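Let's take a walk through a protein model together. Have the structure open as you read, and turn it around whenever a new part comes up.

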Amino acid sequence: MQNALPGPRRYDGRIIIHFDYDCFYAAVFEKENPSLKALPFAVQQKQIIVTCNYEARRRGLYKLQLVHEARKHCPEVIIKLGEDLTRFRDASKENYNFLQGYTWSNKVERLGFDEVFMDMTDIIDYNVELLNFHHLPTSYFHLDRSDPTIGFSYDASSVVGETYPKDCADLLASSQPAPDDSGDLPLRLRLGSHLARYLRHELEQRGGYSATVGISTNKVLSKLIGNVNKPKRQTTLMPPYNSNIHGESNVNAFIDAHDIGKIPNIGFKTAQKLRAHVLGRSPGFDTGLVYGGTTEKVSVKDIRLFNGMGPTLLRRMLQSPGAPRDLPEKAWGLLNGVDDTEVAKGKGVPQQISMEDSYIRLDEMSEVVRELQMLSVSLIKRMRLDLTADNDDPDANDPLEDTNNVQTAARFERMSKRKWIALPSSLRLSTRPRPPLNPDGTRTRTFARISKSHPMPSFVFNLAIPVDILARRLVEEIIMPQLFRKLHPEKSGWNLSLVNVCATGMAMRASDGKEGVGRDIKGMFQKQDHLLSEWKVEDVDRPPSQERNEIAETIGHVVGAKQDLSLIPRPQQATELGSEDGLGVSQCSNVIFADDWDNGDEMQDASEVCKSFTAVMPAFAMVAHKRFHDMID
DNA sequence: GAGGTATAG
DNA sequence: TTTTCTATACCTC
């Protein structure tokens with residue numbers, strides 16, 4: 001009588017496994033230094049503890065705690081700085097690739113650095129077909145269709161690991177389809193639990209990462225059910241998934257008990273609207289430091305069974321300009337444990353790459369330039385890492401890092417073998433201005449970002465130029481004059497609490513096998529050097545020649561991009577120009593030039609960099625450089 | 001595409 | 001939501 005609407009239709013034909021690596025950041029450090037495992041250990045970014053191991057949690061520390069509070073509470077705590085995400089990103093990618101190797105469908109999706117969804121439906125179905133129902137306890141799980149020796153032995157007569165509910169009588173109904181759920185869901189979940197246990201074990205053997213795992217039929221259920229037993233445990237959500245004459249479904253029982261704010265994809269805004277409706281007033285939102293502490297408790301059940309609740313009422317509540325069109329339907333599904341979203345297939349390259357830093361005070365031009373330079377260096381390095389592949393083996397992403405500015409012949413050779421597999425079409429600068437104080441002296445806090453975009457200049461795709469040369473050129477020619485200036489037209493008066501640079505709009509490049517345009521990069525560069533001298537006498541705005549287009553394409557020119565300055569600043573060939581007056585070296589960062597990038601161990605001294613740079617700069621670059629100094633001086 | 005919001009870890 | 005450093009999806013223009 002209370003349940004006005006039947007709820008959205010279930011589809012439980014999939015088996016989805018959700019992995020959540022236990023205190024991932026801490027685990028990465030612990031792998032580097034195993035002695036940390038036995039100690040209370042935490043990872044810090046800025047003034048907060050972003051995660052800590054279970055030894056630290058046992059002593060009362062928790063995620064997102066302020067560092068000084070953590071130290072006060074537990075003076076023995078070991079703390080490491082984790083603002084540079086490189087090691088976490090690398091470990092995450094390694095784990096991801098490892099798990100990806102077990103899927104047949106390539107439906108493997110990463111959520112943040114420490115979570116992975118896998119759709120194992122095809123593997124489970126295959127193994128169900130091969131099952132001998134007379135010998136379930138001595139079954140063999142096949143991980144490979146073509147090689148029957150690859151797999152593991154398991155007991156298919158029972159689920160492995162924890163279950164929800166705890167004391168369910170799985171089983172025995174093994175050969176008979178359960179009357180409450182269509183077909184063989186109990187059996188398939190059981191196989192899912194064994195597959196999960198195996199992968200968890202492999203993950204830990206391989207890389208030392210333990211995981212908390214959930215097994216169910218969709219993303220939201222498998223993610224939530226994993227949380228029931230943490231850490232180093234797995235939990236399977238057991239049937240019945242549909243309510244029947246004997247009682248409520250395990251899905252409703254499980255989901256109903258959650259606070260609305262704990263349901264994935266129901267974020268703060270949506271949760272507040274839902275709370276407001278069942279409370280009949282606006283729910284208090286609390287600015288205290290305790291995370292998730294003081295929001296008023298409204299459970300999924302309170303909302304699901306609220307008078308008149310259903311997609312129609314949700315439409316009235318949640319439909320607003322800017323909101324996703326299908327949010328009401330989605331939300332109604334989530335309240336009922338229904339989630340039809342697919343596990344995304346592995347894409348190979350990210351959609352965007354960004355680097356950012358936050359600041360207590362950043363209000364001077366010269367400091368902004370320095371920070372942007374550092375962020376740009378990191379960004380270009382990451383682009384090289386994540387958006388290029390080895391020419392011979394496009395899948396092998398050997399981490400070629402440029403740890404210094406030296407352009408050695410050996411490094412050049414390795415670089416020449418790399419080619420771009422995707423190109424970002426756009427460069428975006430975002431800032432978070434610290435809000436000015438109100439007339440009454442208070443400060444309205446806002447965390448909104450503002451941003452401007454510009455086409456990504458093709459010169460950043462030149463793999464033969466040291467990263468910080470490219471970064472400096474990017475800052476001087478694009479980021480400062482084109483982007484920063486538009487965000488903050490005044491020379492002073494602003495104060496930034498955050499700066500972010502982002503490469504976005506990845507365009508995949510044809511993986512043209514052996515005949516690829518990028519096969520002879522070295523030769524092309526020489527050809528391009530020749531073009532440089534030709535260019536000097538040309539008007540910069542003149543349309544590029546056909547030949548220049550080919551070169552630009554070779555080293556990664558984006559079709560449609562306006563600027564086509566794909567040039568290599570070769571000191572020997574550059575136009576001799578007078579240096580600018582009144583330039584402080586401090587305003588130019590520490591750029592080191594290779595005299596000859598085929599024999600780059602002989603370096604020019606790092607002093608007088610700005611002077612040297614302008615001296616060797618082609619004419620077109622001078623314009624931008626001059627404008628840059630006009631701006632910051 | 002450009003700029004913003006919402007959500008996630 | 002606020003504290004970090006990201007990433008994705010989706011909205012309007």
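Which helices and strands each supply at least two residues of the surface near DNA strand B? They are α9 (268-279), β16 (422-433) and β17 (450-455). Keep in mind throughout that this is a predicted model.

## Around DNA strand B

Start with β17, since this strand gives the most to the surface near DNA strand B, with 5 residues. In total, 21 residues sit around DNA strand B. The ones that come nearest are Gly112, Gly267, Lys269, Thr270 and Ser453.

What kinds of residues make up this surface? Sorted by class, the surface near DNA strand B has 10 polar, 7 nonpolar and 4 charged residues.

## Around DNA strand C

Now swing over to the other piece of DNA. DNA strand C is surrounded by 28 residues, and Lys46, Phe268, Arg325, Gln351 and Ser358 are the closest.

Two strands to look for here are β3 (48-52) and β13 (352-358), each of which supplies at least two residues of the surface near DNA strand C. The most comes from β13, with 7 residues. As for the mix, the surface near DNA strand C has 14 nonpolar, 8 polar and 6 charged residues.

## Two helices that cross

Next, find helix α5 (residues 121-129) and helix α6 (residues 185-207). Their axes come within 10 Å and cross at roughly 115°. An angle of 65 to 115 degrees counts as roughly perpendicular, so that is how α5 and α6 lie to each other. The crossing of α5 past α6 is right-handed.

Who does the touching? On the α5 side, the contact is made by Ile123, Ile124, Asn127 and Val128. On the α6 side, Leu187, Arg188, Leu191, Gly192 and Leu195 take part. Split by class, this contact of α5 with α6 has 6 nonpolar, 2 polar and 1 charged residues.

## How far to trust it

How confident is the predictor? Chain A has a mean pLDDT of 80, with 73% of its residues at 70 or more.

Some stretches score low, though. Over residues 399-405 the pLDDT stays under 50, and the model has 9 contacts for them beyond four places in sequence. Residues 513-609 also have pLDDT below 50, and this stretch has 138 contacts in the model beyond near neighbours in sequence. Where pLDDT is low, predicted coordinates shouldn't be read in detail.

Notes: Residues numbered from 1 in each chain as written. Chains lettered and ligands numbered in written order. Predicted model: local features only at pLDDT ≥ 70, side-chain atom pairs only at ≥ 80, totals over all residues. Near = placed C-beta within 6 Å. Helix = DSSP H or I, 4+ residues; strand = E, 2+ residues; numbered from the N terminus. Nonpolar A, V, L, I, M, F, W, Y, C, P; charged D, E, K, R; others polar. Axes fitted to C-alpha atoms, helices over the stretch in contact; angles between N-to-C directions. Parallel < 35°, antiparallel > 145°, perpendicular 65-115°, else oblique. Left-handed = near helix turned anticlockwise from the far one by under 90°. Contact = placed C-beta atoms within 7 Å. pLDDT = per-residue confidence, 0-100.
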